[in-house]
Amino acid sequence: MRKLLSLLILVICSSCVSRSSDNYNVKSYGASGQKEEIVTEVIQRAIDACHANGGGRVYFPPGSYTSGTIVLKSNVLLDLEAGATLYASRDPKDYEVDFEIITKSINGKAGTGIAPTLIYAKKAVNTGILGCGIIDGQAIRTYGAITYVDNFIPDEMANAQKMGLPYKKWNKHKPKVVLVFFDECKNIRIRD
């Protein structure tokens with residue numbers, strides 16, 4: 001039983017080990033691995049170089065990387081090693097807004113709109129995200145009064161207000177970042 005358990009741990013860990021040095025390491029392009037540094041341009045340069053050379057992996061070694069919108073391209077995989085965290089910037093200026101994505105309105109209806117997006121790809125093939133790292137949107141929510149009429153439960157809201165009950169919810173704070181959006185892509189890989 002002990003040998004089986006050891007083998008199982010080895011198999012799990014082997015999927016999260018360091019990748020080949022042939023990858024496009026974001027630190028080689030100037031990322032320090034410090035959360036305070038915005039490295040959007042650094043990551044995009046690594047993606048563009050990887051794509052221009054026929055594809056491969058844009059590799060994030062252990063560290064903290066904060067970014068605005070990055071655009072994935074065909075034959076490029078983002079590879080976040082265990083211990084690497086890609087954070088979405090909290091500054092709305094760090095996001096491109098020249099592409100539309102499918103969004104939901106307050107009442108839950110789907111539509112098309114513009115939303116800050118961390119990882120975006122359009123019509124890319126053989127792309128994706130790999131590794132045991134973390135992608136963190138840094139969402140901020142506060143608990144407080146509802147500032148709009150929820151069209152899903154308007155009668156319940158009106159009854160609660162008539163009875164003097166506080167009607168509260170967790171409110172999202174801008175930017176409300178979409179972490180990953182693949183638009184008309186093929187052969188997407190998301191693993192580990």
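How many bridges join β9 to strand β14? In this predicted model, the count is five, and β9 and β14 (residues 178-183) run parallel to one another. One of the matched positions can be picked out readily: threonine 117 has valine 178 of β14 as its bridge partner. Strand β9 also pairs with β4 (residues 70-71), again in the parallel sense, this time over two bridges. Here tyrosine 120 of β9 stands opposite valine 71. As for its surroundings, β9 is largely enclosed by the rest of the structure, because five of its six residues are buried.

Strand β9 leads naturally to the nonpolar interior. The largest nonpolar core comprises 29 residues, and Val58, Phe60, Leu78 and Leu86 are those with the most contacts inside it. Two or more residues of this core come from each of α2 (40-52), β2 (56-60), β5 (76-80), β6 (84-88) and β9 (117-122). Of these elements, α2 gives the most, contributing six residues. A further core lies apart from this one; it has five residues, including Phe99, Ile101, Tyr120 and Phe181. In soluble globular proteins, it is a general tendency for nonpolar side chains to be buried together.

Leucine 78 offers a good view of how the parts meet. Setting aside residues up to four places away in sequence, leucine 78 touches Ile47, Val58, Phe60, Ile70, Leu72, Ile119, Gly128, Ile129 and Leu130.

One of these partners, isoleucine 129, belongs to strand β10. With a relative accessible area of 10%, isoleucine 129 falls under the 20% limit and is therefore buried. Its contacts, again without residues up to four places away in sequence, are Leu78, Leu80, Ile119, Ile135, Val180, Phe182, Arg189, Ile190 and Arg191. Isoleucine 129 and valine 58 are separated by 71 residues in sequence, while their C-alpha atoms are 9.5 Å apart in space.

Threonine 127 is likewise found in β10, which spans residues 125-130. Is threonine 127 buried or exposed? Its relative accessible area is 0%, so threonine 127 is buried. Beyond its neighbours within four places in sequence, threonine 127 is in contact with Leu72, Lys73, Val76 and Leu77, and also with Phe182, Asn187, Ile188 and Arg189. Phe182 thus appears among the contacts of threonine 127 and among those of isoleucine 129, as does Arg189 in the contacts of threonine 127 and of isoleucine 129. In a regular strand, side chains alternate between the two faces of the sheet.

Notes: Residues are numbered from 1 along each chain as its sequence is written. This is a predicted model: local features need pLDDT of at least 70, side-chain atom pairs count only at pLDDT 80 or more; totals for chains, interfaces and linings use all residues. Side-chain values use heavy atoms; hydrogens and water are left out. Helices (H or I, at least four residues) and strands (E, at least two) are DSSP runs, numbered from the N terminus. Buried means under 20% relative accessible area, exposed over 50%, partly exposed in between (1.4 Å probe, protein chains only). Contact means heavy atoms within 4.5 Å. A nonpolar core is a set of buried Ala, Val, Leu, Ile, Met, Phe, Trp, Tyr and Cys residues joined through side-chain atoms within 4.5 Å. Two strands pair if DSSP finds at least two bridges between them.
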